[in-house]
Amino acid sequence: MAKKKQTEIDGIDKKILRTLMEDARTPILEIARNVGISGAAIHQRLRKLEKSGLLAGSKFVVNPEVLGFDTMAFVGVYFDKAADAPLIIKLLKRVPEVLECHYTTGNWNVFLKVICKSNDHLMQTLNSIQEINGVSRTETFISLAQLIQRQVKI
């Protein structure tokens, strides 16, 4: 994977980013007043940051617990053959409970973050993952509580 060019940001960019990271709904004109530049200048800076790849869009964050998803787990997945990874990853994408999939160093071929409504639902999800051709076995860690959640510090 090619290394991305690092983007330089100044103090004004940092103020803009911190504000939007705290509340992405903050109106541009409010940011402009707080930063001390025009709304047009805020828009230009945001376009520059988007073009650089630093901003990857904006999104609403859904609280999964409100929908009944109370069981978070991390699953290390072992493959029969590493060469099967592209197909296995494609099939893992079809499992809706899989939120993240990471290639890692260490024992597993990939490490998953999954969310389920219950331990029974987790068991069904693990069965779905283990039924994928090329998956030899899994190792699961249930999260009891998430104690830190944050973005990179700007």
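Which strands does helix 5 (residues 119–130) lie across, and at about what angle does helix 5 run to strand 4? In this predicted model, helix 5 lies across strand 1, strand 2, strand 3 and strand 4, and its direction is at about 155° to that of strand 4. A good place to begin, then, is the sheet itself.

The four strands form an open sheet in the order 2-3-1-4, and their pairing is antiparallel. Strand 2 (98–103) and strand 4 (135–143) are the edge strands, each with a pairing on one side only. From one strand to the next, the twist averages 20°. Within the sheet, strand 1 (residues 71–79) is joined to strand 3 (residues 110–116) by seven bridges in the antiparallel sense. One residue to look for here is F74, whose bridge partner in strand 3 is K113. Helix 4 (residues 85–92) also packs on the sheet, where it touches strand 1, strand 2, strand 3 and strand 4. The direction of helix 4 makes about 165° with that of strand 2.

Attention now turns to the region that precedes these strands in the numbering. The feature "domain: HTH asnC-type" is placed at residues 9–70 by UniProt, in an unreviewed entry. In the model, this span is 55% helix and 0% strand, and its end C-alpha atoms are 39 Å apart. Packing between helices can be followed here with helix 1 (residues 11–22) and helix 3 (residues 39–52), which meet at an angle of about 85° with 11 Å between their axes. Helix 1 is therefore roughly perpendicular to helix 3. On the helix 1 side, the contact is made by I12, D13, I16, L17 and L20. Helix 3 contributes I42, R45, L46, K48 and L49 to this contact.

Finally, the cysteines deserve a look. A disulfide is a covalent bond between the sulfur atoms of two cysteines. With a cut-off of 2.5 Å between cysteine sulfur atoms, the count of disulfides is zero. For C101, the closest cysteine sulfur is that of C116, and no bond is possible because the separation of 15 Å is too far. C116 likewise takes part in no disulfide, the sulfur of C101 being the nearest to its own. As for their surroundings, C101 has a relative accessible area of 35% and is therefore partly exposed, whereas C116 is buried, with 0% relative accessibility.

Definitions and conventions: Residues are numbered from 1 along each chain as its sequence is written. This is a predicted model: local features need pLDDT of at least 70, side-chain atom pairs count only at pLDDT 80 or more; totals for chains, interfaces and linings use all residues. Side-chain values use heavy atoms; hydrogens and water are left out. Buried means under 20% relative accessible area, exposed over 50%, partly exposed in between (1.4 Å probe, protein chains only). Two strands pair if DSSP finds at least two bridges between them. Helices (H or I, at least four residues) and strands (E, at least two) are DSSP runs, numbered from the N terminus. Axes are lines fitted to C-alpha atoms, for helices over the stretch in contact, and angles run from 0 to 180 degrees between N-to-C directions. Contact means heavy atoms within 4.5 Å. UniProt positions are given in the numbering used here, feature names are shortened, and annotations may be inferred rather than shown by experiment. Angles under 35 degrees count as roughly parallel, over 145 as roughly antiparallel, 65 to 115 as roughly perpendicular and the rest as oblique.
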